[in-house]
Amino acid sequence: NQLPLPKVFLDCIPGVHFNDINGDLVLFEGRSTTESIVRHVTEQGYKKIAFIGDISYAQTNYERYIGYCSGLEKAGIPLLPQYCLTGPIESDSYQMEINAFLDSFKEMPDMIVCASDYIAQLTTQQLVLLGYRIPDNIMVSGFDDNFEFTHTRHITTVHVQNKNTGILLAEQILRRLSHPDTDYQIIYIRSKVVFRSSTQKAPASDL
């Protein structure tokens, strides 16, 4: 951050004041998208909604958590700490932390909001091993729309256009090189929610 070079940052850690960032900052908007996913589920009448994501890892993770909280608040649902796994998670301990979190539930939530598709993959994988069916027994959502994970292809998520983001970053650094004295910019990319079957339970049969 202190290097005397033109810089464009993709994301940052939470707690860093934007005024202290010496460069342009690009972020994926996650508050309204995550809130939309939560509201999609609460409007179906479900109230026990959990969240998994290290909110100290990245500003985007933190904002997705804020969107989760906002979705609950607008639905009049209290935030239950036992349904939130938001503390620091080491990269090699995600599966262990998620497994322990799922084992801690006295009552399984109706849905788990995951801060990324990677987390959704690990969560779904463990739920299937435990005998749960998605979405019949529990609903799951992710973020990124990453098709490299086998368990997330039917998961509600937020589509991130990686190629276009790379183009935007390249164009922004060229703009910064050409105009080094212009005010720094904070750019939010508004991605689209992709609703899939993992957050839509089938209507109960009358039979």
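**Notes on the predicted model**

1. Let's start with a cation over a ring. In this predicted model, Arg64 places its charged end over the ring of Phe143, 3.5 Å from the ring centre. Worth pulling up on screen before the rest.

2. Next, the aromatic pairs, of which the structure holds 6. Take Phe51 and Tyr65: their ring centres are 5.3 Å apart and the planes meet at 65 degrees, so this one is edge-to-face. Phe51 belongs to strand S3 (residues 49-52) and Tyr65 to helix H2 (residues 59-74), so the pair ties together parts that are 14 residues apart in sequence. Both partners are buried, Phe51 at 1% relative accessibility and Tyr65 at 13%.

3. Another pair to look at is Tyr94 with Tyr118. Here the centres lie 5.7 Å apart with the planes at 75 degrees, so the pair is edge-to-face. Tyr94 is in helix H3 (residues 94-103) and Tyr118 in helix H4, so parts 24 residues apart in sequence are tied together by these rings. Their surroundings differ in accessibility: Tyr94 counts as buried at 10%, whereas Tyr118 is partly exposed at 35%.

4. Back to Phe51 and Tyr65 for a moment. Together with Tyr68 they make up one aromatic cluster. Tyr68 also turns up in the largest nonpolar core, which has 42 residues; Ile49, Tyr68 and Ile112 are the ones with the most contacts inside that core. As a general remark, nonpolar side chains tend to be buried together in soluble globular proteins.

5. What does Ile112 touch, leaving aside residues up to four places away in sequence? Its partners are Ala50, Ile52, Leu102, Thr123, Leu127, Ile138, Met139, Val140 and Ser141. Thr123 and Leu127 fall within the span of helix H4 (117-129), while Met139, Val140 and Ser141 fall within strand S6 (139-141).

6. On the cysteines: how many disulfides does a search of the whole structure find? The count is 0. Why is Cys69 not bonded to Cys84? The sulfur of Cys84 is the closest cysteine sulfur to that of Cys69, but at 6.4 Å it is too far for a bond, given that a disulfide needs the two sulfur atoms within 2.5 Å. Cys114 is in no disulfide either; its nearest cysteine sulfur is again that of Cys84, 12 Å away. As for accessibility, Cys69 is partly exposed at 22% and Cys114 is buried at 2%.

7. Now the backbone. Ile134 and Pro135 are joined by a cis peptide bond, with omega at about 5 degrees. Pro135 sits in the loop that runs between helix H4 (117-129) and strand S6 (139-141).

8. Two aspartates have positive phi. For Asp11, phi is near 75 degrees, and this is a residue other than glycine. Asp11 is in the loop between strand S1 (8-10) and strand S2 (24-28). Buried or exposed? At 19% relative accessibility Asp11 counts as buried, because the cut-off for buried is under 20%.

9. The other is Asp144, with phi near 125 degrees, again a positive value in a residue other than glycine. Asp144 is found in the loop between S6 and strand S7 (157-159), and with a relative accessible area of 26% it is partly exposed. Check Asp144 alongside Asp11 when going over the backbone angles.

Key:
Residues are numbered from 1 along each chain as its sequence is written. This is a predicted model: local features need pLDDT of at least 70, side-chain atom pairs count only at pLDDT 80 or more; totals for chains, interfaces and linings use all residues. Side-chain values use heavy atoms; hydrogens and water are left out. Helices (H or I, at least four residues) and strands (E, at least two) are DSSP runs, numbered from the N terminus. Buried means under 20% relative accessible area, exposed over 50%, partly exposed in between (1.4 Å probe, protein chains only). A nonpolar core is a set of buried Ala, Val, Leu, Ile, Met, Phe, Trp, Tyr and Cys residues joined through side-chain atoms within 4.5 Å. Contact means heavy atoms within 4.5 Å. Rings of Phe, Tyr and Trp (its six-membered ring) pair if their centres lie within 6.5 Å; planes under 30 degrees apart count as stacked, over 60 as edge-to-face and the rest as tilted. A charge sits over a ring if NZ of Lys or CZ of Arg is within 6 Å of the ring centre and within 35 degrees of the ring normal.
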